[in-house]
Protein chains: 2
Amino acid sequence: MPERSPKGRENFSRKREAILNALRNTDAHPTAEWVYRRLKPEYPDLSLGTVYRNLGRFQEAGQAVSLGVIGGHERFDGDTSRHAHLVCERCGAVVDVYGGLPEPGELERISRLSGCIVQSASVTFRGICGKCAKEDGDGA
Amino acid sequence: MPERSPKGRENFSRKREAILNALRNTDAHPTAEWVYRRLKPEYPDLSLGTVYRNLGRFQEAGQAVSLGVIGGHERFDGDTSRHAHLVCERCGAVVDVYGGLPEPGELERISRLSGCIVQSASVTFRGICGKCAKEDGDGA
DNA sequence: TTGTAAAGTAGTAATCGTTATTATTTTTGA
DNA sequence: TCAAAAATAATAACGATTACTACTTTACAA
């Protein structure tokens with residue numbers, strides 16, 4: 001039985017809380033479907049639409065971000081801190097990568113050079129994730 | 001009447017050539033629908049499926065790249081040179097941005113630090129494009 | 001508690017960008 | 001001119017996401 005938050009001022013729906021927790025307790029950068037399947041056993045009457053609706057709500061509230069559509073499915077991240085991602089060409093996993101993001105000063109520089117107002121940057125690497133790279137090294 | 005390429009060894013289909021030219025002669029980073037509408041007057045029996053099929057083929061051949069799904073539509077770029085993009089929050093335009101991409105040496109550094117094999121990077125900025133920024137400045 | 005209005009959800013239908021299918025047309029190379 | 005290969009048009013199918021409606025849960029005060 002999941003606990004309610006201390007004072008139910010926000011996220012007063014149990015399912016909403018469960019969705020946010022599922023998102024925060026994984027580094028899989030899951031799809032809506034993934035979250036749905038993860039929670040379905042504990043919430044048998046959970047609806048996929050509810051997952052989508054709440055994921056959208058979390059984004060508006062700044063509690064989650066979308067990584068965009070990868071392989072036909074939109075992927076979400078409950079970690080809103082500044083970091084980049086790598087999509088593994090071998091296994092399709094999306095993993096966190098620290099580094100490679102342009103510094104705020106760089107965004108300013110690009111703004112001046114381009115005439116645009118650059119507000120944020122998202123960086124996505126392509127390559128082989130650590131797990132697959134290790135399997136290759138092992139001769140797997 | 002569009003000219004054929006000098007020796008029809010590749011791209012021997014007129015429509016294929018027209019699609020590739022349309023993609024190369026714009027900096028709009030168009031969707032399949034955009035290309036379709038652009039060419040329909042000159043090729044009244046052009047089919048949207050043909051545009052999709054050829055855009056996919058150009059990617060495989062390295063003649064074009066996909067910028068991914070932006071606002072629900074996949075966008076393509078006939079310019080395969082190394083550059084980044086900015087998506088305008090105001091008007092939705094996608095514009096080229098030079099700078100902000102991690103250097104090859106940076107990719108190597110991240111590879112070592114992360115244990116991944118980083119092969120390429122794609123950078124997408126969010127902000128206001130030059131045109132919209134100018135309109136703001138003009139008090140429009 | 002009990003009532004009630006607001007918020008949230010389940011279940012399902014609808015939407016829409018993209019892909020697959022198949023008969024037909026175009027291109028190619030002889 | 002001919003036949004095989006490639007490409008296409010038109011349409012159907014697909015699938016992720018969104019919209020809709022009746023029902024349920026929540027919050028909050030009497």
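**Close-up 1. The protein surface around DNA strand C in this predicted model.** There are 20 residues around DNA strand C, and K15(A), D45(A), T50(A), F12(B) and Y52(B) come nearest; a residue is near a strand if one of its heavy atoms lies within 4 Å of it. Three elements each supply at least two residues here: α1 and α3 (48–60) of chain A, plus β2 (73–77) of chain B. Helices (H or I, at least four residues) and strands (E, at least two) are DSSP runs, numbered from the N terminus. The top contributor is α3(A), with 4 residues. Sorted by class, the surface has 4 nonpolar, 7 polar and 9 charged residues, where Ala, Val, Leu, Ile, Met, Phe, Trp, Tyr, Cys and Pro count as nonpolar, Asp, Glu, Lys and Arg as charged, and the others, Gly among them, as polar.

**Close-up 2. Phosphate contacts on DNA strand C.** Of the strand C atoms within 4 Å of the protein, 88% belong to sugar or phosphate, and bases make up the rest. Y52(B) puts a polar side-chain atom 2.3 Å from a phosphate oxygen. For R16(A) that distance is 2.9 Å, and for N54(A) it's 3.3 Å. A polar contact here is a pair of N or O atoms within 3.5 Å.

**Close-up 3. Over at DNA strand D.** Of the 20 residues around this strand, Y52(A), K15(B), D45(B), T50(B) and R53(B) come nearest. β2 (73–77) of chain A joins α1 (14–24) and α3 (48–60) of chain B in each supplying at least two residues, with the largest share, 4 residues, coming from α3(B). Phosphate oxygens of strand D sit 2.7 Å from a polar side-chain atom of S13(B), 2.9 Å from one of R16(B) and 2.8 Å from a side-chain N or O of R57(B).

**Close-up 4. Where α1(A) crosses α2(A).** The axes of α1 (residues 14–24) and α2 (residues 32–39) of chain A come within 10 Å and cross at roughly 115 degrees; axes are lines fitted to C-alpha atoms, for helices over the stretch in contact, and angles run from 0 to 180 degrees between N-to-C directions. The two helices are therefore roughly perpendicular (65 to 115 degrees). A18(A), I19(A) and A22(A) meet W34(A), V35(A), R38(A) and L39(A), contact meaning heavy atoms within 4.5 Å. That patch has 6 nonpolar, no polar and 1 charged residues.

**Notes on the views.** Residues are numbered from 1 along each chain as its sequence is written, with chains lettered from A and ligands numbered from 1 in the order written. Local features need pLDDT of at least 70 and side-chain atom pairs 80 or more, while totals for chains, interfaces and linings use all residues, and side-chain values use heavy atoms, leaving out hydrogens and water.

Key:
Parallel < 35°, antiparallel > 145°, perpendicular 65-115°, else oblique. Polar contact = N/O pair within 3.5 Å; in protein donor to acceptor, adjacent residues only side chain to side chain.
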